[in-house]
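User: Hi! I've got a structure open and would love to talk it through with you. Can we start with the aromatic rings?
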Amino acid sequence: QVQLVESGGGLAQPGGSLRLSCAASGTTFTVSAMGWYRQAPGEQRELVATITSDSSTTYADSVKGRFTISRDNAKNRVYLQMNSLKPEDTAVYFCNVRVFTSDRAAYYTVWGQGTQVTVSS
């Protein structure tokens, strides 16, 4: 079974920066696409950024130019560097990883537990 552990959330001032990290662990798995989603109170979960196994990236329009997604394939980690933070970036951020495991013999999606990001002065 694959598990995701997120870290790096917290409180930042408008214009500030935070870096989120997500580590995948388990036995005998292969990681393909990785990404970050967020969910603000009373809102639906939305895509923030994704990165493929060959490091192609996509971003939500609302974060383009401010957020950068990256990955370390050797460590099965994905990162989200968030700069120029705005109050509207306040949300719980979830890591999302697509993995292949031999026991299921198929790809499936795993979600992290979420980490709170609050942008406020």
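User: Which residues do ring pairs link into a cluster?
Analyst: Happy to help, and keep in mind that this is a predicted model. The cluster consists of Tyr37, Phe94 and Trp111, linked by ring pairs.

User: How many aromatic pairs does a search of the whole structure find?
Analyst: The search turns up three aromatic pairs. In one of them, the ring centres of phenylalanine 94 and tryptophan 111 are 6.5 Å apart and the planes are at 80°, so this pair is edge-to-face. It links distant parts of the chain, with phenylalanine 94 in strand β9 (residues 91–101) and tryptophan 111 in strand β10 (residues 106–111), 17 residues apart.

User: Is phenylalanine 94 buried or exposed?
Analyst: Phenylalanine 94 counts as buried because its relative accessibility is 11%, and the cut-off for buried is under 20%.

User: And what does tryptophan 111 count as?
Analyst: Tryptophan 111 has 37% relative accessibility, so it counts as partly exposed.

User: Switching to charges: which ring does the charged end of arginine 19 sit over?
Analyst: That would be the ring of tyrosine 79, with the charged end of arginine 19 lying 4.1 Å from the ring centre. There is also arginine 104, whose charged end sits over the ring of tyrosine 108 at 3.7 Å from its centre.

User: Let's zoom out. How many helices and strands are in the protein chain?
Analyst: The protein chain has eleven strands and zero helices.

User: Where does β1 fit in, and which residues are on its covered face?
Analyst: Strand β1 spans residues 3–7, and its covered face holds Leu4 and Glu6. Gln3, Val5 and Ser7 are on the uncovered face. That back-and-forth fits a general rule: side chains in a regular strand alternate between the two faces of the sheet.

User: What joins β1 to β3?
Analyst: Five bridges do, and β1 runs antiparallel to strand β3, which covers residues 18–25. In β3, alanine 24 is the bridge partner of leucine 4.

User: Last topic, overall shape. What is the radius of gyration of the protein chain?
Analyst: The protein chain has 14 Å, which agrees with the value near 14 Å for a compact globule with 121 residues. Along the principal axes, the C-alpha atoms fill a box of roughly 45 × 25 × 20 Å.

User: What share of the residues is buried?
Analyst: Buried residues make up 40% of the 121 in the protein chain. As for the outside, the accessible surface comes to about 6,400 Å², and 46% of that belongs to carbon and sulfur atoms.

Methods:
Residues are numbered from 1 along each chain as its sequence is written. This is a predicted model: local features need pLDDT of at least 70, side-chain atom pairs count only at pLDDT 80 or more; totals for chains, interfaces and linings use all residues. Side-chain values use heavy atoms; hydrogens and water are left out. Buried means under 20% relative accessible area, exposed over 50%, partly exposed in between (1.4 Å probe, protein chains only). Helices (H or I, at least four residues) and strands (E, at least two) are DSSP runs, numbered from the N terminus. Two strands pair if DSSP finds at least two bridges between them. Rings of Phe, Tyr and Trp (its six-membered ring) pair if their centres lie within 6.5 Å; planes under 30 degrees apart count as stacked, over 60 as edge-to-face and the rest as tilted. A charge sits over a ring if NZ of Lys or CZ of Arg is within 6 Å of the ring centre and within 35 degrees of the ring normal. The radius of gyration is taken over C-alpha atoms; the globule rule is 2.2 Å times the number of residues to the power 0.38. Accessible areas come from the Shrake-Rupley method with a 1.4 Å probe; for residues, only the protein chains shown count as cover.
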